Amino acid sequence: MTTCILGVDIGTTNVKTLAFEPETGDIIAHASAPLTTLHPQAGYAEQDPEDVWNNLITVLDEVCREVRQQDRTIEALGFSAAMHSTLAVDSAGKPLTNAILWSDNRAEKQAASLRHEQAELGKRIYQQTGTPLHPMIPLCKLAWFRENDLRLLRRATGWISLKEYIWHKLTGQYQIDYSIATATGLFDSQRKEWFLPALEFAGVRPEQLSEPVPTTYAGRLSGSDLPPAICTELSDSKLYIGASDGCLANLGAGAIEAGITTITIGTSGAIRRTIQRPLRDEKGRLFSYILNIDDSVDRNYYVVGGPTNNGANVLQWVSEKLTQTETEAVLAEAATVEPGSDDLLFLPYLQGERAPLWDAGVRGSYLNVDWHHGRAHFVRAALEGVLFNLLRIERILSRHTGPTRVIHANGGFAQSAFWVQMMADIFGVPVRLNESNESGSIGAILLTMKATGRVASLAEATHHVGFGQTFEPDAERHRRYRQVYERFEKALP
């Protein structure tokens, strides 16, 4: 009987599952279920962990039925998950809070304290963990609880991420992969253990945190709350803990070799490179997360880069708020204006910013507004501003990792050939689209193939990644954009 591998992606917007046949390289089944984000107060962003679990059951049930109908068995599952979530659980594993998401900004004061009043401690934490100091990270969220609900902080048996919650429901074990751990601000990525000065600042004890394990760590179903039919389907399957969505998106985009930069633009965005060593930026602007540590068989891989809060949400704002026009019409209107928007600049910080500013309070603005600027100028300048901000991150990244020779791009923005061509013209390098936007799930599958021995290395695993169209930069438009970008960079806060 033919076997397949499942890739499970526990995202912020959806839970997704892909079934992949290793022999042919085909996706043979797919399911997705939407998640609801709660905003109980301004600046808060939470999810009900039981809702995430129930949606996982839904997609697993759908994919398992499709696999069974094709007379296949499931060899293994690999997991991808969004970073930076945190929730409290009691001794029975019951949630005491909702999961606080990466987009939650309630810990802005605690992050600012590490950047200013306790800057020396903040620098030390960044050097040991590789996690930029921002309200999104569990380190700062736990410090918020220390200042606002110390009783809960002490009463909780465990403080875990959504991925750890799901893993515990499946295996009965509290374990956290190195990749998710390096995104907490609590984990010494060099020693592979919890960093005690960070725990002290957060107000938690080591025993309240999960056991860190490699991203290729294998487990099995044990006391699972899954329905019997799914348990039967997965009874002989190995579960591989996998890594974070950012790291696996790089793997799933085929971006392992030097000189390949991945850019993802969904609602938010990120720019990333894969390297073989940890990286620390002197100003703490770049993250450095573990993808895979396996000294005996494979080279070590780290994913480094910077996330932005402002991606396709800027296009949504332009469409819904600024022009009240459908997205397709907005993009067509922007195309009527020459590159550079006749000197109109837009700083795209509509929802604060992570990289390169790491300032949750910064806000966006138009600059150089002139009488002759019309609606199309404002639209095009907004789209250019998103890419200029990503270029700023790329320039910081390239100083540490070498120049970009090609961009592998994915995310919702890739549906607009106009915007993708604009990226090629601004960055001045070819932009190669991934065949699939499900790079997190595909990355989880490829890492699982490495863990099961189906491929000898992650580099070999990327041979299974498919690509679509490549957009070449226009030399004249790139020359113009270089001049405009210089003015953008000078205008940054």
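1. The side chain of R380 reaches the backbone oxygen of V337 at 2.7 Å. A backbone oxygen of A334 is also reached by the R380 side chain, at 3.4 Å. The model is a predicted one, and these distances should be read as computed from it.

2. R380 belongs to helix α13, which spans residues 375-401. Its relative accessible area is 6%, so R380 counts as buried. Apart from neighbours within four places in sequence, R380 is in contact with A334, A335, V337, E338, P339, S341, F418, M422 and Y481. A334 and V337, whose backbone oxygens take the two side-chain approaches, are thus also found among the contacts of R380.

3. Helix α13 also matters for the bookkeeping of the nonpolar interior. The largest nonpolar core has 118 residues, and those touching the most other members are L139, W159, L186, L291, M423 and F427. Helix α13 provides the largest share of this core, 13 residues. A second core, separate from this one, has 41 residues, including L35, V89, L162 and I166. In soluble globular proteins, nonpolar side chains tend to be buried together.

4. What surrounds M423, one of the residues with the most core partners? With neighbours within four places in sequence left aside, M423 is in contact with I263, I265, L387, I407, A409, F413, G428 and V431.

5. Helix α11 covers residues 312-322, and in this helix N313, V314, L315, V318 and S319 are buried. An α-helix has 3.6 residues a turn, so residues three or four places apart point the same way. The cover over the buried residues of α11 includes α12 (327-334), β19 (345-347), α13 and α14 (417-427). Just after α11, Q324 takes a positive phi of about 50°.

6. Several backbone values deserve a check by eye. Most residues other than glycine have a negative phi, and most peptide bonds are trans. D343, not a glycine, has a positive phi of about 75°. D343 sits in the loop between α12 and β19, and its relative accessibility of 36% makes it partly exposed.

7. Two further cases fall in the loop between β19 and β20 (365-367), where P356 and W358 are both placed. The peptide bond joining A355 and P356 is cis, with omega about 0°. W358 has a positive phi near 50°, again in a residue other than glycine. Is W358 buried or exposed? Its relative accessible area is 5%, which is under the 20% limit, so W358 is buried.

8. The second largest pocket holds about 340 Å³ of space. It is lined by 16 residues, and those closest to its centre are R115, K123, L133, K283 and G284. By class, the lining consists of seven nonpolar, three polar and six charged residues.

9. Which helix gives the most to the lining of the second largest pocket? Helix α3 does, with five residues. Helices α2 (108-115) and α3 (119-129) each supply at least two residues of this lining.

Conventions:
Residues are numbered from 1 along each chain as its sequence is written. This is a predicted model: local features need pLDDT of at least 70, side-chain atom pairs count only at pLDDT 80 or more; totals for chains, interfaces and linings use all residues. Side-chain values use heavy atoms; hydrogens and water are left out. On a 1 Å grid over the protein atoms alone, a cavity is a set of points where a 1.4 Å probe fits but cannot get out, and a pocket is an open set with protein on both sides within 12 Å along at least five of seven lines; lining residues have an atom within 4 Å of a point. Grid points are joined across faces, edges and corners, and a volume is the space filled by probe spheres set on the points. Helices (H or I, at least four residues) and strands (E, at least two) are DSSP runs, numbered from the N terminus. Ala, Val, Leu, Ile, Met, Phe, Trp, Tyr, Cys and Pro count as nonpolar, Asp, Glu, Lys and Arg as charged, and the others, Gly among them, as polar. Buried means under 20% relative accessible area, exposed over 50%, partly exposed in between (1.4 Å probe, protein chains only). A polar contact is a pair of N or O atoms within 3.5 Å; within protein, one must be able to donate a hydrogen and the other to accept it, and residues adjacent in sequence count only if both atoms are side-chain atoms. Contact means heavy atoms within 4.5 Å. A nonpolar core is a set of buried Ala, Val, Leu, Ile, Met, Phe, Trp, Tyr and Cys residues joined through side-chain atoms within 4.5 Å.
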